[in-house]
Amino acid sequence: MTARPSHEIRADVLRLDDEPYGSARNARAEALTDEAAATGDRPLLVEALTALVHAYSFSAECDKMFVPFARLLRLYDEHPADFDEEDVHQLHWMFKWVAGDARQQHDVPLASIEEWLTEMRRRYRVAGYSERAVHGCEFMLARHLGDTARAARAHAAWTAAARDEMSDCLACECALDGLRSLERGEDADALERWGPVLDGTHGCNREPHETLAWSLLPLVRLGRTDQARAHHLRGYRMVRSDETFGPVVALHIEFCALTGNEPRGLEILAEQGARWPRTGDPLARHDWLVSTALLMRRLVELGHGDRPVPGPAPAPSGQGWTAATLLDHARTEALDLAARFDRRNGTTAVSDRAHRAMTAKPLCGALPLGLRGEALGLGAEAPGPGADTSGLEAEGFGEDRQPPHQLLLRAREFTRLSHPSAGAAWQQVIEALVARGEVSLGDGDRADQLDAVALGLGADQVGHGVGLFRQAAECHERAGRHGSALVSRARALLCRPDAATAPETPERLGQLWARAEALHREGAARTADVATLWLLHCRARAARLAGGVPTAADPRDEVAALEAELHRLIDFARRHLDDPAVLTAIAEATELLGLLTVADDPAAAVELFRTAVARHHESGRPWFAANAEIQLATVLLSRGDGQRAAGVVRGVLDDPERVPLLAPRDRARFCLVLAQTLTGPDAPPEEGALLVDAAHFADLAGESAGLGALARLRLGGYYCERGRHDEAAAVLEAVLPDLTSAGHDPRDVVRARVWLAHSHASTDEPALAAEQFALAADAARDWPDQRHHAALTQQAARALGLAGLGAESLRAYERAAELWRGLGEHAAAVRVLRARAWETRGTQGPAAAEHVMARALDLCERAAESAADDAGRTELRIELGRTYLQLAQLHLERADGPPAHAQGTHPRDRNGAANVTAYERALDRARLAAEAFGACGTAGHGDLFPAELLAVRLESGLGRHTAAAERAARLAARLRGLPDQDGSLAEIAALCDEFARGGDQHPRGGDGA
């Protein structure tokens, strides 16, 4: 192969800075170093070796950087003239990388690391640099060794030494300073020292990535969980795709393991599978293994030792990894690596830290993140399906176990009241009986236990209720409770996945209700059984109406018939008010009437919901009031009475006796409704916390894909609208799969994609933003209002341009222009064509761009002539002027400066002639722009005066100083005669005065749409 010239190799070396760190960049740097060495060009070899050391040090192959660095040092000592000033600076700067990377390798002797530090100190002194950076490296080594005294001395020396060009950036120094406090257990002080990094004052290519991760556990320990959540969402997205941040990813896994977010930790572990085979940075690998072992230990403790988990390849015995087997593997490897470091160091510090980390206790029960997460709960030790233990301690179930007979009495009472904790109470009865080796429950108690468990199932477990309720029905029959058996059979029927749409559901419920009535007349069924079945029958009919299931009767007639049926149910139940269950049936029938009424008469629905709430409380079963309270608040909110709606919800959420008894689904709905009352620019930050809680409780209820997705959608929008784009992107990325697959409103999908696109754009990810805008545009393609389709296509075009995808951007702009023209929105189409012109300038040059701008002019002129009214005509004339103005700016793109004769050279000079032509054409367009703006009266003033000022500058640039001064004087006089509320006109007038005196002669161009 023919050797390439040095300048080509050097250009490729420089281009390495544009490539992401990792094995691909390393391989490219290695090849270029070999090429540089083959040329015999030592200065080129210096540049290539520097780039190679840089690439290695910021990758998972940092163990390879010592050889090329030593080679650089030898070259410097033998041929210092081959190093320019920047090369010398880089050589000394890289000593810090060597000191750090040597520490990460257990096979590098400690004596060698100390020698590197000594050599670094010597060379810094010779070069006249401050030793601040040397002390910083010594502090990190002492911290690694566990030598607290040496760490303290090094930190003090680091603090005392002067900053200079070899000092780390302020962001990295803040990070180091905070680590010192963290090592001493001073969480608050560490966070204070990290403040300038965390608030964005200082940053670099490593920060705030690392400090966001280090801050997680201190924030949790201090109770600042909102910040911890934000730092996790923001920080993990920054490092998830970068192979050099393995220890930082490990800190995020540790955070998940210690905050009840084990499922999130598993997601990260699965996403980061490529880290397992990387062995070039043993200390980073050790940190990865320690965090993995901690996460697996938590899963095993929760009873999920047999759960399949992601792990390294190959898995043991050809089978998949489980939490238990991966725990053994990760713990063994981590301790083996720790022992190697400790042998090298002569201490036990690394092993001690590993033991502490892997045995750490959770810092909190559960810290909701706002992301979708399964409710992991307990495995083998779980109290059983549907067993809700909330509220048990308040009801007398503490750590001191009661005798089985007392537990049984309490469970029966909970069943009588349909208490939310009935399932957990029955589970405790069973456990107490098993512990004493006593007989099992009788049929009646067994039936109540099965009913309670089935009623406590989450939305994702409802299918299991079929079998449980059927078993309960059989037990009720054997116990002689024939009415209760019918109720259990009805509930089993409603647990079927097709219950809401199956045409036979109301009929079969009606049959069960009729049998209960017959039994009731014979004294063999309770009034509560009849009322409950009657109510279930009415609910089934209402559900079919709400779901739009076709019926034989007119829907309005069906609603009227159902309302009449509910009134008969209430009349029947009022004759038997001695039973709390009957009062509950009255309340629920009233609530159902409210749901049927709300569309036509919201005011009447409000009163019905109020009545239902009151009846629930009168029954002594306030936990049943939740749905009516939510409906009441929702209707009040829809009528614009957010304050009263918030009052209803806060009355529940601020009640310490009610909250523990709320079902997770109801609590999620309460949080979501309250958050809706707080929307708006002046809304308190409580809205975000409520949405996080809503998503969390929806997950606990098994409704991640439904209610949870709605909460996360709102949360993503909340973050996006407040500029918290990393958090918004994390939440919206997590919710989109649910929104696109769970039958949600298509508008919600578009809304999520648009928010996500804006977040990607704001975090400098234009290609991802373009993808989301394009997907949103495609989703809106068939909407009746095509303005959404056009606007989203236009935004996709802009993002494509920012991503450097010029051809795709031009096609999208053209499509957007077609859509706007098809809608008759000619002003919008003109704006799109102008944007397309500027994109064309970047890909095809000024001439092609001018052609596109001419198309915009033509469209604008024709549309203005045919405008239907003065307002439309004025808007188009303003766009016409703006288009002329931007065309003037495009003409100036052809000039390499002011006309040559204005700078004292001959006007026939080639460049001078081209510049004169460009300026004269631009001046002509500026005059036309001013005419268009002037024809719009006061509506055009905001654009007119800058256009006039540009004309002044162009005249001056052409050397026509007298004409420029006269134009400037006229404009200044006119401006001073106009109202100037914000002082902007005075600024333009001052510039005109400068031109009138023969000042600034250069036009100030600029591009834009």
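**Panel A. The cover over the buried residues of helix H37 includes helix H35 (746-762), helix H36 (766-779), helix H38 (806-822) and helix H39 (826-844).** The model shown here and in the other panels is predicted. The residues of H37 that are buried are His-789, Ala-790, Leu-792, Thr-793, Ala-796, Ala-797, Ala-799, Leu-800 and Gly-801. H37 itself runs through residues 787-802, 16 residues in all, and its first and last C-alpha atoms lie 23 Å apart, close to the 22 Å expected at 1.5 Å a residue. After the helix comes Gly-804, which has a positive phi near 80°.

**Panel B. Glu-839 is a residue of helix H39.** The relative accessibility of Glu-839 is 17%, so this residue counts as buried. Beyond the residues up to four places away in sequence, Glu-839 touches Gly-801, Gly-806, Ser-809, Leu-810 and Tyr-813. Of these contacts, Gly-801 also belongs to the buried residues of H37. Leu-810 is 29 residues from Glu-839 along the chain, and the C-alpha atoms of the two are separated by 6.9 Å.

**Panel C. Glu-920 lies in helix H42, which comprises residues 910-934.** With a relative accessible area of 36%, Glu-920 is partly exposed. When neighbours within four places in sequence are set aside, the contacts of Glu-920 are with Leu-958 and Arg-960. A separation of 25 Å lies between the C-alpha atoms of Glu-920 and Arg-831, which are 89 residues apart along the chain.

**Panel D. Helix H17 (residues 323-345) packs its buried residues against several other helices, among them H7.** The further partners are helix H5 (85-103), helix H6 (110-127), helix H15 (262-271), helix H16 (282-301) and helix H18 (349-358). On the H17 side, the buried residues are Ala-323, Leu-326, Leu-327, Ala-330, Ala-334, Leu-337, Ala-338, Phe-341, Asp-342, Arg-344 and Asn-345. The 23 residues of H17 should span 33 Å at 1.5 Å a residue, and the 32 Å between its end C-alpha atoms agrees with this. Gly-346, just after the helix, adopts a positive phi of about 75°.

**Panel E. Helix H7 (residues 132-145) packs with helix H8 (residues 148-160) at an angle of about 160°.** The axes of these two helices are 8 Å apart. From H7, the contact draws on Arg-132, His-135, Gly-136, Glu-138, Phe-139, Leu-141, Ala-142, Arg-143 and Leu-145, which meet Arg-150, Ala-151, Ala-154, His-155, Ala-157, Trp-158 and Thr-159 of H8. By class, the residues of this contact between H7 and H8 comprise 8 nonpolar, 4 polar and 4 charged. An angle over 145 degrees counts as roughly antiparallel, and H7 and H8 are therefore roughly antiparallel to each other. Their crossing is left-handed.

**Panel F. Helix H2 (residues 23-39) and helix H3 (residues 42-57) have axes 9 Å apart and pack at an angle of about 160°.** This angle makes H2 roughly antiparallel to H3. The crossing by which H2 passes H3 is left-handed. In H2, the residues in contact are Arg-25, Asn-26, Ala-29, Glu-30, Leu-32, Thr-33, Ala-36, Ala-37 and Thr-39; their counterparts in H3 are Leu-44, Leu-45, Ala-48, Leu-49, Ala-51, Leu-52, His-54, Ala-55 and Tyr-56. The residues of the contact of H2 with H3 comprise 12 nonpolar, 4 polar and 2 charged.

**Panel G. Helix H9 (residues 170-183) crosses helix H10 (residues 187-198) at roughly 175°, and their axes come within 8 Å.** H9 is thereby roughly antiparallel to H10. The H9 residues Ala-171, Cys-174, Ala-175, Asp-177, Gly-178, Leu-179, Ser-181 and Leu-182 meet Asp-187, Asp-189, Ala-190, Arg-193, Trp-194, Pro-196 and Val-197 in H10. Among the residues of the contact of H9 with H10 are 9 nonpolar, 2 polar and 4 charged.

**Panel H. The protein chain that contains these views has 45 helices and 0 strands.** Along the principal axes, its C-alpha atoms fill a box of roughly 120 × 85 × 55 Å. The chain has 1009 residues, of which 52% count as buried. Of the contacts between residues at least 6 apart in sequence, 63% join residues at least 24 apart.

Terms used. Residues numbered from 1 in each chain as written. Predicted model: local features only at pLDDT ≥ 70, side-chain atom pairs only at ≥ 80, totals over all residues. Heavy atoms only, no water. Axes fitted to C-alpha atoms, helices over the stretch in contact; angles between N-to-C directions. Helix = DSSP H or I, 4+ residues; strand = E, 2+ residues; numbered from the N terminus. Parallel < 35°, antiparallel > 145°, perpendicular 65-115°, else oblique. Left-handed = near helix turned anticlockwise from the far one by under 90°. Contact = heavy atoms within 4.5 Å. Nonpolar A, V, L, I, M, F, W, Y, C, P; charged D, E, K, R; others polar. Expected span 1.5 Å × (residues − 1). Buried < 20%, exposed > 50% of the residue type's maximum accessible area, 1.4 Å probe, protein only.
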